[in-house]
Amino acid sequence: MPDTHVNVLKPSASFNYVRLKKITQVGVKSIYSHGLRSLLTVLGIVIGVAAVIAMMAVSEGASFEAQQQFRDLGANNILLKSIKPVEVEEASNRGFGPPQAIVYGLTNADIETIRQSIPGVTNVIASRIVKKTVWNGGRNINSDVVGTAVDYPVSRNYNLRVGRFFSETEVRDHSNVVVLSDEVARSLFPIDDPLGGTVKIDSDYYKIVGIMEPEGFSNLGQNQAGSSNSASTRIFIPFTSSKSRFGETTTRQTAGGMESETVELHEAIIQLEDQEQVIEVGDIIGQILTRRHKKVDYAVEIPLALLRQAEASALRDQIVAGAIAGISLLVGGIGIMNIMLASVTERTREIGIRRALGAKKHDIILQFLIEAVILSGVGGVIGVVLGIIIPVIISLFWGMTTIVTPITPLLAFSISALIGVIFGLYPSMRAADMDPVEALRHE
Amino acid sequence: MDVIAANRSATNFMGMGAKPVVVASLDDIRKTYYMGTLSVEVLHGISLDFYGGDYISIMGPSGCGKSTLMNILGCLDQPTSGKYFLGSEDTSQMADDELSTIRGARLGFIFQSYNLIQQLNVLENIEMPLFYQGYSEAASHAKALALAERVGLGDRVDHKPFELSGGQQQRVAIARALAVDPLIILADEPTGNLDSKSGAEILDLFDELHSQGKTLIMVTHSNELAERTERSIRLRDGLVESDERRRTA
């Protein structure tokens with residue numbers, strides 16, 4: 001008696017490790033047997049994934065840089081700047097004769113009003129910025145001499161490279177001490193150690209007590225104060241020294257003759273205790289200044305607002321970049337679907353044979369699906385590797401900041417694997433739904 | 001199974017003294033194909049019993065319903081009406097997954113064009129039905145090796161189908177059909193693509209299988225082939241025209 005009483009319709013373990021391994025082996029074999037075709041398909045996914053990661057890294061880096069500039073200005077700060085009004089500029093250039101001093105800009109009275117009428121102001125750092133030629137022996141550099149308070153570096157997240165900033169005592173004493181920017185230090189003292197040395201401005205010598213870090217603060221608003229050309233050529237002296245050495249009226253040679261202007265304060269940083277209030281207080285300061293000034297000879301800048309704007313535009317950029325890269329990933333997915341459809345048609349006979357030999361529909365689906373997932377998975381892995389390498393190369397050769405956040409490669413890989421499933425599913429189901437008889441007859 | 005056997009007046013054709021066992025039985029099988037509004041009945045009610053150890057040829061002119069009958073016997077197609085018992089189970093109402101399982105477990109297929117999978121080597125081709133039956137790797141490997149030896153290809157297990165002659169490929173297919181110890185081996189023009197020498201070798205192998213008690217059903221056009229079998233069924237226009245036992249063992 002043959003073993004016909006044994007129930008063969010017992011539910012066979014249809015999804016176990018051995019089975020999966022075998023199906024995967026068959027999939028790998030089939031991918032290998034169409035080497036070039038598989039390679040091109042994988043390439044589509046590689047490009048898609050690498051593009052997503054690289055583009056996100058570049059745009060993330062760019063937005064980080066942009067935001068860093070504003071962050072350096074201080075999120076708790078409101079920046080006030082003096083601006084030469086347009087009408088005054090025209091008037092001053094008109095006619096000959098002795099230079100006529102034009103008066104504009106922020107005043108100590110403005111600052112005092114703000115300090116008194118707005119609660120929550122922790123500190124106000126007012127600065128005067130005067131253009132001067134700074135000398136070390138025969139070497140000289142045109143520089144913005146910033147007369148300011150001791151808190152200036154802290155308020156702008158601008159740190160010293162060596163030495164120290166000037167002290168309260170030095171401010172009180174109108175001392176001749178100076179802190180150089182990195183660039184000024186390098187150009188005036190190419191060999192010697194500048195620390196402890198002196199520089200000459202007009203007829204006075206100033207003792208060098210410290211040197212700032214390179215490029216620590218933003219170039220934002222340069223030229224607005226009417227006196228700065230580049231932030232990196234700034235040097236710092238006590239506010240009191242600036243006032244007593246240079247006076248309030250500055251005169252300079254212009255193309256049309258002499259031009260002189262009187263500006264009490266060029267810049268003021270208003271620090272608030274609460275970040276939440278920054279935007280509201282900015283408005284109030286604007287209102288106060290509008291009342292006090294006939295002309296718009298000032299500017300109110302709120303780093304936090306600019307930061308928010310930068311964040312918003314960075315997000316927009318990232319969405320655009322991501323969408324473009326995503327499209328290439330989609331194209332890669334369509335490539336997989338195309339190849340799988342071709343593969344299903346080509347292997348119709350094989351499907352028929354497998355069905356005849358006992359393969360269930362889901363066995364066939366699994367087989368083709370695994371192939372699609374292998375293709376997209378391999379493409380995804382290579383894409384992730386490339387996507388991490390490319391930003392490094394971009395940073396190295398073009399000096400752009402790129403940031404690969406850990407989530408991006410993870411996301412890109414998951415999407416690529418998902419694409420394998422999604423775009424592999426339809427061809428697989430088509431394969432499984434074939435009539436075994438028809439499939440066996442297929443040539 | 002015993003019930004079915006009891007219901008049919010089984011006669012002892014083989015003269016072996018034992019009551020022959022019905023391994024498969026067709027009961028008034030009808031098959032209608034629908035093409036749009038047109039319907040064509042190809043099989044008009046076929047009833048046949050197949051016994052364990054039978055060596056059967058099915059013959060008939062083209063369009064007589066041979067292929068359709070073969071597809072139904074192979075559980076690749078379902079009858080429109082009637083019952084088909086394979087072993088103890090009625091397959092005519094089975095769902096797709098059950099049909100797959102029963103194909104894999106109870107039937108062995110041998111095709112005219114061998115139908116081996118080209119990317120797989122001899123051993124892997126033989127192992128395939130075992131894989132779908134959930135055999136362990138070691139067990140299916142050992143079994144496939146033994147079968148390759150049995151069909152005389154023990155030294156070719158690493159070869160791909162395209163590296164083999166037609167006769168050798170068909171022997172791989174036979175080994176594959178034997179892998180699950182099927183109830184019935186179905187062969188569709190097994191020598192159709194072979195020269196007479198390799199064809200004869202294949203038929204010798206069939207004779208050997210028959211002598212070992214395997215049940216073979218073979219569709220063929222060739223009278224020569226049919227004469228080697230014990231029982232010859234002729235179809236005409238979707239009906240059984242004749243069912244003869246040629247010789248007794």
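The following exchange goes through how some features of this predicted model are named and counted.

Reader: How do you know which residues and chains are meant, and which parts of the model count?
Author: Residues are numbered from 1 along each chain as its sequence is written, and chains are lettered from A and ligands numbered from 1 in the order in which they are written. The model is predicted, so local features need pLDDT of at least 70 and side-chain atom pairs count only at pLDDT 80 or more, while totals for chains, interfaces and linings use all residues.

Reader: Why is Gln168(B) called buried?
Author: A residue is buried if 20 or more other C-beta atoms lie within 10 Å of its own, exposed if 12 or fewer, and partly exposed in between, with C-beta atoms placed from the backbone. Gln168(B) has 20 C-beta neighbours inside 10 Å, so it counts as buried. In chain B, buried residues make up 48% of the 249 residues.

Reader: What is Gln168(B) in contact with, leaving aside neighbours within four places in sequence?
Author: Contact means that two C-beta atoms, placed from the backbone, lie within 7 Å. On that basis the partners are Leu153(B) and Arg156(B). The C-alpha atoms of Gln168(B) and Leu153(B) are separated by 7.6 Å, with their positions 15 residues apart along the chain. Gln168(B) itself is found in helix H6 (residues 166–178) of chain B.

Reader: What makes a run of residues a helix or a strand?
Author: Both are DSSP runs, numbered from the N terminus: helices are H or I of at least four residues, strands E of at least two. For chain B, this gives eight helices and 10 strands.

Reader: Why is H1(A) called oblique to H12(A)?
Author: Angles run from 0 to 180 degrees between N-to-C directions, and axes are lines fitted to C-alpha atoms, for helices over the stretch in contact. Under 35 degrees counts as roughly parallel, over 145 as roughly antiparallel, 65 to 115 as roughly perpendicular, and the rest as oblique. H1(A) and H12(A) pack at about 60 degrees, with their axes 9 Å apart. That makes the pair oblique.

Reader: Which residues meet there, and of what class?
Author: Among them, Ile23(A) and Val26(A) of H1(A) and Leu366(A) and Ile370(A) of H12(A). The contact divides into eight nonpolar, four polar and one charged. Ala, Val, Leu, Ile, Met, Phe, Trp, Tyr, Cys and Pro count as nonpolar, Asp, Glu, Lys and Arg as charged, and the others, Gly among them, as polar.

Reader: Where do the axes of H10(A) and H12(A) come, and at what angle do they cross?
Author: Helix H10 (residues 303–346) of chain A and H12(A) come within 11 Å and cross at roughly 145 degrees. Their contact has six nonpolar, three polar and no charged residues.

Reader: What makes S6 and S10 of chain B edge strands?
Author: Each pairs on one side only. Two strands pair if DSSP finds at least two bridges between them. The open sheet has six strands in the order S6-S7-S8-S3-S9-S10 (chain B), with mixed pairing.

Reader: How do you know that S3(B) and S9(B) pair?
Author: They share four bridges, in the parallel sense. One of the bridge partners is Arg234(B) in S9(B), set against Met59(B).

Reader: How many residues of each chain are in contact across the two chains?
Author: 26 residues of chain A are in contact with 33 residues of chain B. On the chain A side, H1(A) gives the largest share, five residues.
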